[in-house]
Amino acid sequence: MFRTLFTTAGIGLISLCLLANCQSSNQPPCEPTPVTITAPDQEIAQLKQFIESKQIKATADKRGFYYTIQNAGSGAKPTVCSNVSVNYEGHLTDGTRFDSGDDVRFGLNQLIVGWQEGIPLIAPGGRITLYLPPSLAYGDQQQGDIPAHSILVFQIDLLAIH
């Protein structure tokens, strides 16, 4: 996501903002509004099949994604309005890595819904793996090396809240 963001003259920023509410400097401050998007049953079933076939021990979220917290971290957790720094890797379900970044800083409200909802499950120092159905990631849009309708797997280390 972020390597793409900085190496393709902003195309990645458009990718990151898909299915999210990007803010510009002339918009009002972020209001922590709960996300109401829920993945369709078909996507949830497909993701559940992947989780079970790989024998992954993950928790199902009511919005349709799964997650595994390796380390909860400590202190306050971010909100969708927080700016955070993370290390991350993104993979397709076949294991192909499509992106990674170290000590990348961003506003959660500028990212895909799966990150907006998943990262606040941990505090700084925490590590989480997110298993996202397409509708909570990039949906029917191909984004660089990510095919449309892809389930995505992200390993995320939350370094800090700013």
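**Fold, cores and ring pairs of a predicted model**

The protein chain contains 4 helices and 6 strands. The model described here is predicted. From start to end, the elements of the protein chain run in the order α-α-α-β-β-β-β-α-β-β. Of the 162 residues in the protein chain, 46% are buried. The surface that the protein chain exposes comes to about 8,400 Å², and carbon and sulfur atoms supply 50% of this area. Among contacts in the protein chain with a separation of 6 or more, 70% join residues that are 24 or more positions apart.

A good place to begin is the pairing of strands. β3 and β4 run antiparallel to each other and are paired over 8 bridges. One of the residues involved is S85, whose bridge partner in β4 is R105. The hairpin made by β3 and β4 has 4 residues between the strands, and in this hairpin G95 adopts a positive phi near 95°.

Next comes the interior. The largest nonpolar core has 27 residues, and those touching the most other members are F106, W115, L130, F154 and I156. At least two residues of this core come from each of β3, β4 (97–107), α4 (113–118), β5 and β6 (152–161). Another core, of 7 residues, lies apart from it and includes L47, F50, I51 and V153. Leaving aside residues up to four places away in sequence, L130 is in contact with F65, Y66, Y67, G114, W115, G118, L152, V153, F154 and I156.

Strand β5 (residues 127–132) also holds Y131. Y131 counts as buried because its relative accessibility is 8%, below the 20% limit for buried residues. Beyond the residues up to four places away in sequence, the contacts of Y131 include L47, F50, I51, I56 and A58, and also L152 and V153. Y131 and F154 are separated by 23 residues in sequence, while their C-alpha atoms are 6.7 Å apart in space.

Aromatic rings add another layer to the picture, with 5 aromatic pairs in the structure. One of them joins F65 and Y67 in a tilted arrangement, with 6.1 Å from centre to centre and 45° between the planes. F65 is buried at 1% relative accessibility, and Y67 is buried as well, with a relative accessible area of 16%. In the pair of W115 and F154, the ring centres are 5.2 Å apart and the planes stand at 90°, so this pair is edge-to-face. Because W115 belongs to helix α4 and F154 to strand β6, the pair ties together parts that lie 39 residues apart in sequence. W115 is buried, with a relative accessible area of 0%, and F154 is likewise buried at 0% relative accessibility. Through ring pairs, Y88, F98, F106, W115 and F154 are linked into a cluster.

Finally, the chain carries a covalent link between cysteines. The count comes to 1 disulfide, formed by C30 and C81 with their sulfur atoms 2.0 Å apart. The torsion about the S-S bond of C30 and C81 is about -75°, so the disulfide is left-handed. Distant parts of the chain are linked by this pair, with C30 in the loop between α2 (11–17) and α3 (41–53) and C81 in the loop between β2 (66–71) and β3 (83–92), 51 residues apart. C30 is partly exposed at 23% relative accessibility, and C81 is also partly exposed, with a relative accessible area of 26%.

Conventions. Residues are numbered from 1 along each chain as its sequence is written. This is a predicted model: local features need pLDDT of at least 70, side-chain atom pairs count only at pLDDT 80 or more; totals for chains, interfaces and linings use all residues. Side-chain values use heavy atoms; hydrogens and water are left out. A disulfide is a pair of cysteine sulfur atoms within 2.5 Å. Buried means under 20% relative accessible area, exposed over 50%, partly exposed in between (1.4 Å probe, protein chains only). Contact means heavy atoms within 4.5 Å. Accessible areas come from the Shrake-Rupley method with a 1.4 Å probe; for residues, only the protein chains shown count as cover. A nonpolar core is a set of buried Ala, Val, Leu, Ile, Met, Phe, Trp, Tyr and Cys residues joined through side-chain atoms within 4.5 Å. Two strands pair if DSSP finds at least two bridges between them. Rings of Phe, Tyr and Trp (its six-membered ring) pair if their centres lie within 6.5 Å; planes under 30 degrees apart count as stacked, over 60 as edge-to-face and the rest as tilted.
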